[in-house]
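Got the viewer open? Let's take a short walk through this structure, one selection at a time.

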Amino acid sequence: MAKYIVQGGNKLEGEIRLKGAKNSVLPIIAATILNEGESVIHNVPNISDVKVMIDILNHIGCYVKSEGDTLIIDTRNVNSSEIPESFVRKMRSSIIFLGAMVSRFGNTKISYPGGCEIGPRPIDLHLKSLSQMGVNIEEAHGYIKCKRQKNKACEITLDFPSVGATENAMLAAVKTNGVTRIYNPAKEPEIIDLANFLNSMGANIKGAGNSCIEIYGVDKLHDVEYRIIPDRIAIGTYLVAGAITKGRIIIDDIIPSHINSIVSKLRETGCEIEYINNKVQLIAPKTIQSIDVIKTLPHPGFPTDMQAQMMALMTLANGACIINENIFENRFKHCEELIRMGANINVNGKLAVIRGVDKLMGAKVKSSDLRGGAALVLAGLAAEGHTEIDSIYHIERGYEAMEKVLTSLGANIIRA
C-alpha cells in the first residue's frame, strides 16, 4: 500500500495551477447519462474517484475516452441501470447515479454507498426527494431499488441543505413534466456548476445557488462541451501548505467568491492574501496567530472539507483555537494522528480545542479519510524530521499527484 514520506522544514514558494473541482466533476460525470449522446468535459482532475466513475460508465455500456485533462463520454449505448456493489462501496459519491438513472430509465438498482469514515451520512434525504417525484423505493439486502411510477413535478423542501440530495433531485427532475422546486437546497459552487452543465446540454434550471431551485422539465437534451470550475478545497489546502511552512505561494485559475470563507480565516492567522486577476497570492507571517473559533457550516459558511487542514495549521499557532464541526459528527479522526506528532488537541463531541505548540515532530501516521489525510501531509511539511503517512489512497481520491505539486513548490516529499 502506497504512502507519503515527508521530510519537514522546507519553506514552500512558487506558483501552481490546479485541476477542476472533485465535488463538481463527479455529479457532472453522472449527469452525462441524461443527454444520450456525447459530452466533452475539460479540466478534469486525474484522481481515483474520477477513475471509479469512469469504471461505472464503462460497466453500464458507455464509451469513455481520456485525453489529458479532457473526458469524452458517449452514453447513447448504455445497456444497464444497475450499479454494482463493487464500485459503490469504493466511493460514496456514486450514489449520485440514482437521480440520473431514474431520469433516463425510470428505474435503477444500487447498493448502499461506501466512502470515507467520517461518520454516518444517511441518504434518506435523497430517497425522500425521489419518492416525492413518484419514484417507488424498495430497500432490502443492502440494495436500493428505484422505479418511477409517475413522471411528476413536485415541490421538495430539504430538512438540511444536503449537497448530494440537491444534486440527485436536480438530476431526477430534468426531464420531469412540469416545474420542480427545491427549497432549502445546498448553495455550494458545485451545485451551480452542475446546473450550468445541465443547462449547457439543454436543461432549464433557474436559481442554483439561491434558496429555491426551479427545474423546468424538458423532453430532450443534446451534446455538450464544458469546463469544470476550479477546486476551491484543493486551492484552500495548498494555501494552508504555504501558511504552515511560512512560505509564499501563488495559485492560478481561481474564483475569489468560492474561497472567500477560507481566505477570511487565513487572514485572521496573519497571512497576507491578495487576488491578482484570476490568481491568489499568500505570504505567510513569521508567527501564525490562532483563530478564536472556526465553525463548519453549509455554504457560504466555512467548509467542513477544510476543517482538518485548518486544524493542522492551528497546531502551530500562537494561542488556542476552538473548532466546532457541525456537518459530520465523526470528522476528528485525524486528531489522534496529529497528537502523535506532538499536537495539543482535546476533543469533546463536536468540539476540538487546539492549543498551539512550538513544534511538531515527524512520526508514522495513518490517513483515515480524504481531508484528514491531507492535514497530515501539511503537518508533515512543517514537522521536524520525517513523517510517513499510510493509507494515502484516501488522499488520492481528491488530490491529483499531491507529491508532485508540493515538490514543485520546494517540499521534500516522495510517494513510496
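Start by selecting Thr108 and Cys146: Cys146, in β9, is the bridge partner of Thr108. Keep in mind on the way that you're looking at a predicted model.

Now widen your selection to the strands around that pair. Pick residues 107-111 for β7 and 143-148 for β9; these two strands pair in the antiparallel sense, with 5 bridges. Zoom out a bit, and you'll find that they belong to an open sheet of 4 strands. Follow the order β6-β7-β9-β8 across it, and note that the pairing is mixed. Where does this sheet have its edge strands? Select 82-83 for β6 and 135-140 for β8: each of these edge strands pairs on one side only.

Next stop: β3. Select residues 38-42 for β3 and 70-74 for β5, and you have an antiparallel pairing over 4 bridges. Click on Val40 to see what it stands opposite: that's Ile72 in β5. Then add residues 224-227, which make up β14. In which sense do β3 and β14 pair? The answer is parallel, over 4 bridges. For a spot to look at there, try Ile41, which stands opposite Tyr226 in β14.

Last stop: a helix. Select residues 22-31 to light up α1. How many of its 10 residues are buried? Turn on a surface and have a look: 9 are, so to speak, tucked away as buried residues, and α1 is mostly covered. Among them are Lys22, Ser24, Val25 and Leu26, as well as Pro27 and Ile28.

Note on methods:
Residues are numbered from 1 along each chain as its sequence is written. This is a predicted model: local features need pLDDT of at least 70, side-chain atom pairs count only at pLDDT 80 or more; totals for chains, interfaces and linings use all residues. Side-chain values use heavy atoms; hydrogens and water are left out. Two strands pair if DSSP finds at least two bridges between them. Buried means under 20% relative accessible area, exposed over 50%, partly exposed in between (1.4 Å probe, protein chains only).
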